[in-house]
Amino acid sequence: MAADSAPPRVLNVNVGVLGHIDSGKTALARALSTTGSTAAFDRAPQSRARGITLDLGFSCLRTALPPQLGPGPGELQFTLVDCPGHASLIRTIIGGAQIIDLMMLVIDVTKGMQTQSAECLVIGQIACQKMVVVLNKIDLLPEAKRQSAIEKMTKKMQKTLENTKFSGCPIVAVAAKPGGPEAPESENPLGVSELIEVLKSQAYLPSRDPSGHFLMAVDHCFSIKGQGTVMTGTILSGSVSLGDNVEIPALKVTKKVKSMQMFHTPVTYAMQGDRVGICVTQFDPKLLERGLICTPESLHTIHAAVISLKKIQYFRGALQTKAKFHITVGHETVMGRVMFFSPAPADFDEEIQENAFDFDRDYLYQEEYLSKDSKPSEENKENGQSEVQLPKQQWALLEFEKPVTCPKLCLVIGSKLDTDIHANTCRLAFHGVLLQGTEDKNYAETFLPKLKVYKQKHKEGQVERVIDDYSVIGRSLFKKETNIQIFVGLKVKLSTGEEGIIDGGFGQSGKFKIRIPGGLKPETKMLLSAASKKKSKAGKGDANKEDESSKNDSAQPVTITLLFKRYVFDTQKKMIQS
């Protein structure tokens with residue numbers, strides 16, 4: 001019985017409003033909204049002056065619960081997250097993307113897809129399950145040709161979305177603010193009530209989990225005299241109740257929750273996906289304009305991390321090891337250097353390990369992220385493989401220029417935000433999941449040596465002459481100044497099939513002695529003595545004859561191959577042979 005008397009549940013669905021600058025996103029959010037929250041509609045004075053959105057704006061639209069979301073009384077609340085379209089603000093969008101259940105991609109019907117619309121589409125594919133495309137500004141099309149222009153753009157958008165996970169998504173034509181920003185308020189928007197019906201049909205019950213640590217993305221902070229400081233935002237995970245302690249990691253303080261509101265209604269409890277204002281004991285709101293609050297001690301501040309990742313298909317160019325990217329983790333964007341690595345070649349086809357990383361395994365260092373466009377390695381070429389073998393999973397080590405605070409297993413996006421914003425290229429390079437971070441400032445000594453990433457080393461030399469049945473002298477494998485002592489005991493292989501062991505240096509010029517435990521094959525000895533006879537003959541004649549002799553020399557030199565692994569983070573630089 002008690003369950004029936006509970007107040008009707010408000011189901012909250014977060015709708016991201018994304019699109020290119022000037023496509024009319026804010027006007028659309030305004031036309032859709034019934035209630036503005038504190039952070040709604042360009043509260044920043046500089047954005048009001050410039051007429052563009054500088055921050056995530058939030059507002060909400062309430063409507064009756066549609067039948068597909070279950071029987072009984074209740075309201076469906078769409079929280080509209082108006083994301084900035086301005087290119088330099090993409091880090092803000094990425095911060096907002098992690099709380100979006102449904103995305104509205106706003107396209108200026110007179111311009112079609114533009115650079116940032118494509119980037120928004122990429123972010124949607126990473127962070128979001130469903131999308132509605134809104135063709136805005138249809139009032140700018142001459143009425144006689146309006147319908148055919150809308151149909152043409154609709155077909156174009158369907159084609160663009162064909163190979164994405166949003167293939168076949170609804171496309172709705174509207175004019176959010178007919179006549180443009182200067183038009184009188186009496187002008188009614190076109191198509192907005194149809195859009196609301198489409199949004200209702202697309203609404204779903206997002207999976208919400210109240211367990212786990214409380215984590216909230218704060219997007220606005222202000223103080224109320226005599227009450228305290230209010231932080232508004234969206235709960236990313238867990239739940240919060242009146243009287244709970246919450247930590248503000250950026251300020252290194254813990255505060256008690258005094259009161260909470262959801263869109264001007266007081267509440268005692270809120271959970272993942274809810275948009276809420278939390279009032280705590282007073283602190284200076286200027287210190288926290290945006291950021292994260294959480295269960296005390298549940299976030300970690302890390303200097304480096306291992307992530308699993310995928311390249312974004314629209315990014316042009318290779319992802320090179322040692323390159324620097326803008327790395328967005330949680331709500332922060334910092335510069336970071338990357339090093340890519342893959343499973344050892346024998347494990348390329350192993351199934352993907354979700355959300356876990358095994359420090360006990362060996363990994364192969366890669367000069368770049370392996371993709372269809374990568375060039376085959378020397379080893380592959382030698383084995384006659386012109387195609388690059390692609391592993392099912394790849395990882396990267398990220399080293400941050402300054403530490404970042406974030407939850408475990410959070411979304412990571414790497415981008416090149418310094419690319420010219422007018423260049424028509426996607427600046428988002430890769431996305432992934434943070435698997436393991438290190439809080440130790442001295443991680444190079446403590447964390448990195450645990451990471452067993454190796455480089456495969458391949459050296460080649462030649463047999464110069466035979467000493468006896470069980471030993472030969474080799475050359476051209478080492479430089480004159482190389483300390484051959486450190487290579488003593490390593491196994492080598494001759495091109496004729498014998499296996500040998502490096503026994504020590506020979507003379508001063510980088511030559512060395514090889515012991516052949518199984519003995520030289522008779523045909524190898526013949527080959528080598530034939531080669532040395534030719535050499536000594538040529539040596540007696542003049543120089544021209546020597547050239548002639550080497551041209552006619554059908555005896556192939558016997559090559560020596562030395563293969564070993566060296567772990568990138570091994571301070572002793574040991575050479576390892578399996």
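How many residues does helix 5 have, and how far does it reach from its first C-alpha to its last? In this predicted model, helix 5 runs over residues 115–127, which makes 13 residues. Its span from the first C-alpha to the last is 19 Å, close to the 18 Å expected at 1.5 Å a residue. The buried residues of helix 5 include Thr-115, Gln-116, Ser-117 and Glu-119, and also Cys-120, Leu-121 and Val-122.

Helix 2, at residues 25–32, offers another example to look at. Its buried residues are Lys-25, Thr-26, Leu-28, Ala-29 and Leu-32. These residues lie on the same side of helix 2, because they cover an arc of only 160° around the axis. A general point about helices helps here: an α-helix has 3.6 residues a turn, so residues three or four places apart point the same way.

Two residues of helix 2 appear again in the interior. The largest nonpolar core has 26 residues, and Leu-28 and Leu-32 are among those with the most contacts inside it, together with Phe-78, Met-104, Val-132 and Leu-195. At least two residues of this core come from each of strand 1, helix 2, strand 4, strand 5, strand 6 and helix 7. Helix 7 gives the most, with five residues. To follow one of these residues on the structure, Leu-28 can be picked out: leaving aside residues up to four places away in sequence, Leu-28 touches Met-104, Val-106, Val-134, Val-174, Ala-176 and Leu-195. A second, separate core has 24 residues, including Ala-305, Leu-309, Phe-315 and Leu-434.

Aromatic rings form the next theme, with 15 aromatic pairs in the structure. One of them joins Phe-340 and Tyr-369 edge-to-face, at 6.1 Å centre to centre and with 75° between the planes. This pair links distant parts of the chain, as Phe-340 sits in strand 19 and Tyr-369 in the loop between strand 20 and helix 8, 29 residues apart. Both Phe-340 and Tyr-369 are buried. By contrast in geometry, the ring planes of Phe-357 and Tyr-363 are at 15° and their centres 4.9 Å apart, so this pair is stacked. Phe-357 counts as buried because its relative accessibility is 13%, and Tyr-363 because its value is 3%. Ring pairs also link Phe-357 and Tyr-363 with Phe-341, Phe-359, Trp-395 and Phe-447 into a cluster.

Finally, lysines lie over the faces of tyrosine rings. Lys-455 is placed over the face of Tyr-365, 4.4 Å from the ring centre, and Lys-565 over the face of Tyr-454, at 4.3 Å from the ring centre.

Key. Residues numbered from 1 in each chain as written. Predicted model: local features only at pLDDT ≥ 70, side-chain atom pairs only at ≥ 80, totals over all residues. Heavy atoms only, no water. Helix = DSSP H or I, 4+ residues; strand = E, 2+ residues; numbered from the N terminus. Expected span 1.5 Å × (residues − 1). Buried < 20%, exposed > 50% of the residue type's maximum accessible area, 1.4 Å probe, protein only. Arc of directions from axis to C-beta. Core = buried A, V, L, I, M, F, W, Y, C linked by side-chain atoms within 4.5 Å. Contact = heavy atoms within 4.5 Å. Phe/Tyr/Trp six-rings, centres within 6.5 Å; stacked < 30°, edge-to-face > 60°. Lys NZ or Arg CZ within 6 Å of the ring centre and 35° of its normal.
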